[in-house]
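Please look through the structure shown below before reading the numbered points of this note. They take up a few places that a careful reader may want to find on the screen.

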Amino acid sequence: MEQFLENYGHLGWGQWYDTLEKLVKDKRAFLDSTGGNFEKFKYVVESLPEICPGTVDLSSKAVSIGKADQLLPDEKERFYNGLINLSPWRKGPFDFFGIHVDSEWQSWMKWERLVPHLPNLKNRKILDIGSSNGYYLFKMAASDPMFALGLEPQSAFYYQYCVAQKYLNLENVFCLPAAYNELPSMNRFFDLVLCMGILYHRKAPVKMLRQIHDSLVPGGQVVVENLVIKGENNHCLFPFDRYAKMRNVFFIPDLSAMEAWLTRAGFSNIRCVDITDTTHEEQRKTPWIQTESLKDFLDPSDPSKTVEGYPAPVRAIYIATA
Ligand SMILES: C[S@@+](CC[C@H](N)C(=O)[O-])C[C@H]1O[C@@H](n2cnc3c(N)ncnc32)[C@H](O)[C@@H]1O
């Protein structure tokens with residue numbers, strides 16, 4: 001984050017410099033003063049060894065950093081324990097000096113569905129809302145954007161990002177431990193905004209889409225990846241209580257309702273580029289998460305339904321233009 005402060009003056013932040021500087025400083029003060037998980041996780045990151053990885057691979061399924069022979073056996077054990085202490089690793093996989101972090105989600109599967117539809121990222125200003133440990137930020141960095149800025153308010157995921165950045169040291173990738181609503185309104189600034197796995201957690205999804213719309217330059221694009229209901233009846237599922245055991249799921253639109261949300265938020269050229277049922281290959285329990293996973297969220301006698309009796313998770317990717 002310090003590097004963010006140092007670098008962003010050169011990265012075309014223009015009129016947003018002052019507001020962003022304040023946000024970065026507030027967040028730094030917060031991280032320095034807070035107890036609990038942030039402090040614990042920060043210590044984990046700081047105690048990992050200072051090694052120059054030498055080789056880095058951002059284009060394979062796993063974000064790969066360094067080689068196994070760069071760690072002595074006792075260093076490897078300490079490194080492994082440090083990474084485990086940052087669990088749950090939901091997004092990935094990552095390889096740190098030969099230690100394979102087998103995340104709950106095989107995030108490369110979503111990346112492969114998305115990447116053929118992305119615009120040229122070179123020299124672009126990109127925002128990734130809810131960037132988790134930065135898996136997609138690192139993937140996009142390979143295409144040389146002006147910058148890719150992530151927002152991730154959950155401490156474990158933010159510090160997972162910090163571990164990867166400690167070794168990757170990518171000058172055009174940043175992440176702030178902040179929620180989207182903490183970002184100042186930055187009208188007509190970003191070229192591309194990713195909003196993936198977020199909208200179904202929002203009580204006012206159209207309002208959020210409108211804010212995203214206003215933050216894009218004219219002609220800029222949004223990528224929305226969301227849970228959807230198959231069908232085109234302009235309906236939304238609003239779970240009575242939980243959906244797939246998640247408490248914080250509000251609206252799950254069908255395909256035409258999703259398109260209507262984007263239209264009413266001001267977007268045009270709306271394209272649904274992918275619709276995929278979530279499979280046990282893509283989301284499953286691994287030693288890197290302690291919680292349940294997809295198998296536990298589905299009805300064992302009818303896996304086309306969640307344990308609550310709703311349609312099982314299906315995700316769609318939409319791309320639209322501001
Ligand atoms: C379902 S995950 C999706 C992660 C990633 N975007 C992906 O598609 O794989 C949602 C992420 O958004 C983060 N998040 C939750 N509320 C947020 C908010 N208000 N602003 C930004 N991120 C948020 C969560 O901590 C979590 O990492």
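1. A residue is called buried when its relative accessible area is under 20%, exposed when that value is over 50%, and partly exposed in between. The model is predicted, and with that in mind one can turn to cysteine 162, which counts as buried because its relative accessible area is 17%. Cysteine 236 has a relative accessible area of 36%, and so it is partly exposed.

2. How many disulfides does the structure hold? A disulfide is a covalent bond between the sulfur atoms of two cysteines. The structure holds zero of them, and the distances around the two cysteines just described fit into this picture. For cysteine 162 the closest cysteine sulfur is that of cysteine 175, at 7.2 Å, which is too far for a bond. For cysteine 236 the closest one belongs to cysteine 272, and at 15 Å this pair, too, is too far apart for a bond.

3. Serine 293 sits in the loop between β12 (268–277) and α10 (294–297). Is this serine buried or exposed? Its relative accessible area is 1%, so serine 293 is buried. Leaving aside residues up to four places away in sequence, serine 293 touches Glu104, Gln283, Arg284 and Lys285. With one of these residues, arginine 284, there is also a polar approach to note, since a polar atom of the serine 293 side chain lies 3.4 Å from the backbone nitrogen of arginine 284.

4. Glycine 220 belongs to strand β9, which covers residues 216–227, and with a relative accessibility of 2% it counts as buried. Although glycine 220 and alanine 320 are 100 residues apart in sequence, their C-alpha atoms are 8.5 Å apart in space. Alanine 320 is also among the residues that glycine 220 touches, together with Asp191, Thr321 and Ala322, when residues up to four places away in sequence are not counted.

5. Two proline residues deserve a look at the backbone. The peptide bond from serine 87 to proline 88 is cis, with omega near 5 degrees, and proline 88 is found in the loop between α4 (73–85) and β3 (94–96). Glycine 92 and proline 93 are likewise joined by a cis peptide bond, with omega about 10 degrees, and proline 93 lies in the loop between α4 and β3.

6. Which backbone angle draws attention at serine 132? Its phi is positive, at about 50 degrees, although serine 132 is not a glycine. This serine is found in the loop between β5 and α6, and it is buried, because its relative accessible area is 8%. Asparagine 234, another residue other than glycine, has a positive phi near 60 degrees and is found in the loop between β9 and β10 (236–237).

7. As for empty space, the structure holds one cavity of 30 Å³ or more, and the largest cavity has a volume of about 30 Å³. Lys91, Trp105, Ser107, Lys110, Tyr136 and Glu282 line this cavity, a set made up of two nonpolar, one polar and three charged residues.

8. The largest pocket holds about 1100 Å³ of space. It is lined by 43 residues, of which Lys91, Gln154, Gly197, Tyr200 and His201 are the closest to its centre. The elements that give two or more residues to this lining are β5 (125–129) and α6 (135–141). Sorted by class, the lining of the largest pocket has 20 nonpolar, 13 polar and 10 charged residues.

How values were computed. Residues are numbered from 1 along each chain as its sequence is written. This is a predicted model: local features need pLDDT of at least 70, side-chain atom pairs count only at pLDDT 80 or more; totals for chains, interfaces and linings use all residues. Side-chain values use heavy atoms; hydrogens and water are left out. Helices (H or I, at least four residues) and strands (E, at least two) are DSSP runs, numbered from the N terminus. Buried means under 20% relative accessible area, exposed over 50%, partly exposed in between (1.4 Å probe, protein chains only). A polar contact is a pair of N or O atoms within 3.5 Å; within protein, one must be able to donate a hydrogen and the other to accept it, and residues adjacent in sequence count only if both atoms are side-chain atoms. Contact means heavy atoms within 4.5 Å. On a 1 Å grid over the protein atoms alone, a cavity is a set of points where a 1.4 Å probe fits but cannot get out, and a pocket is an open set with protein on both sides within 12 Å along at least five of seven lines; lining residues have an atom within 4 Å of a point. Grid points are joined across faces, edges and corners, and a volume is the space filled by probe spheres set on the points. Ala, Val, Leu, Ile, Met, Phe, Trp, Tyr, Cys and Pro count as nonpolar, Asp, Glu, Lys and Arg as charged, and the others, Gly among them, as polar. A disulfide is a pair of cysteine sulfur atoms within 2.5 Å.
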